[in-house]
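Visitor: Could you take one loop of this model, look at it closely, and then set it within the rest of the chain?

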Amino acid sequence: MALPQQCEAAFGTADLYGVLGVRRGASPQEIRRGYHRVSLRLHPDRVPPEQKEEATRRFQILGKVYAVLSDEQQRTVYDETGMVDEDAEALQDGRDWLQYWQLLFKVTVKDIDDFQKSYKNSAEELADVKAAYLNFKGDMDRIMESVMCVDYTDEPRIREMIEQAIDSGELPSFKAFVKESKQKMMSRRRRAEKEAKEAKKTKDELGLGGENDLQALIKSRNRDREKQMDDFFAQLEAKYGNSAKKGGKKTSAKKRKA
C-alpha cells in the first residue's frame, strides 16, 4: 500500500501535510515541529499494552511522512505529483523509527509527560473527545481506548465533558452512552486496572522510571538484538566449527563437496 493510502487508513487523510498538521507551504522548521508534536501524541511507549501494536504501526507511518517532507527532493516530487517515491531508502521496511525519533529530538519521558499535562483539559482534548463520541456513537469502551493520554481515572472527567456537550446541544444523546450499564462500567474499570498493573510490572522489569526511560528502553532493545546475534553465531559455531564467524560455513561446504 502506498504511503498516502497508509495515511488515509491510519489518520483519516491521504495528505502528508495534514498528518503533521501543517500547511503545504510550511518551512522545514514547521514540518519538524509538526512531526515532533504529533509524535509525542502517538508514541507507542505511552499507550496501554493492547494498543501498542496499532500505535507502533501509526508511529512508523508518521516517521515515513516526515522522511518524505523533510527531504527537499522527495517533497518536490510529492508537491508536484501527489505521489511518493516508494523505493526511497528511508521508506523501506526495517528502519527503527523509535530510535530515529529519539536521536532526532533527544526526547525524554519528561517531555511526553509535559505534553500530556498541557493536553489534558485543553481545547484540543475536548475536540478529540467529541470526535471520538461521534465516531463510536457513545461507546465509552471505544472512546476511552481512542482518546490520548487517558486512563480509567480520567473517565469521570471525560464523561463530564460529554454530558456538558450533550446538555448544550453540541452532541446528540446516544443510548450507548446515556444508558450504559453499571456492569459494563465496572468491567471496563477492572480491565483497565489489570492493564495498568501489567504495564507497571513491565516498566519495573525494564528498569525504567526516570527522564531517560526512552533511552533505557532503546538500550534494552539493542541488548536484545545483540543477544540474538550472539545466539545466531553460537549456533553457526556449533554447526560448522570455530571458523563460522570468518566464513566457516563456506569452507565447510567445500569440504562436503570434496
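**The loop around Phe 136**

Guide: Leaving aside neighbours within four places in sequence, Phe 136 is in contact (heavy atoms within 4.5 Å) with Arg 142, Ile 143 and Ser 146. The model is a predicted one, in which local features need pLDDT of at least 70 and side-chain atom pairs count only at pLDDT 80 or more, while totals for chains, interfaces and linings use all residues. Residues are numbered from 1 along each chain as its sequence is written, and side-chain values use heavy atoms, with hydrogens and water left out.

Phe 136 lies in the loop between α8 and α9. With a relative accessibility of 23%, Phe 136 counts as partly exposed; buried means under 20% relative accessible area, exposed over 50%, and partly exposed in between, with a 1.4 Å probe and protein chains only. The C-alpha atoms of Phe 136 and Ala 176 are 9.4 Å apart in space, although the two residues are 40 apart in sequence.

The loop between α8 and α9 (140-146) also holds Lys 137. Its phi is near 50°, a positive value in a residue other than glycine, and Lys 137 is exposed, at a relative accessible area of 53%. Asn 121, in the loop between α7 (109-119) and α8 (123-135), likewise has a positive phi, near 65°. Asn 121 is exposed, with a relative accessible area of 58%. A positive phi of about 80° is also found at Gly 12, just after α1.

As for the chain as a whole, it has 14 helices and 0 strands (DSSP runs numbered from the N terminus: helices are H or I of at least four residues, strands E of at least two). Of its 258 residues, 36% count as buried. Among contacts between residues at least 6 apart in sequence, 62% join residues at least 24 apart.

The largest nonpolar core (buried Ala, Val, Leu, Ile, Met, Phe, Trp, Tyr and Cys residues joined through side-chain atoms within 4.5 Å) has 21 residues, and Leu 3, Leu 16, Leu 20, Ile 31, Val 65 and Leu 69 touch the most other members. At least two residues of this core come from each of α1 (3-11), α2 (16-20), α3 (28-42) and α4 (52-69), with the largest share, 6 residues, from α4. Apart from this core lies another, of 20 residues, among them Leu 40, Met 140, Ile 143 and Met 161. Ile 143 is thus a member of that second core and a contact of Phe 136.

In α1, the buried residues are Leu 3, Pro 4, Gln 6, Cys 7 and Ala 10. They cover an arc of only 155° around the axis (taken from the directions from the helix axis to the C-beta atoms), which puts them on the same side of α1. These buried residues pack against α2 and α4.

α3 and α4 pack at an angle of about 175°, with their axes 10 Å apart; axes are lines fitted to C-alpha atoms, for helices over the stretch in contact, and angles run from 0 to 180 degrees between N-to-C directions. α3 and α4 are therefore roughly antiparallel to each other, the term for angles over 145 degrees, whereas those under 35 count as roughly parallel, 65 to 115 as roughly perpendicular and the rest as oblique. The contact includes Ile 31, Tyr 35 and Leu 42 of α3 and Phe 59, Tyr 66 and Leu 69 of α4.
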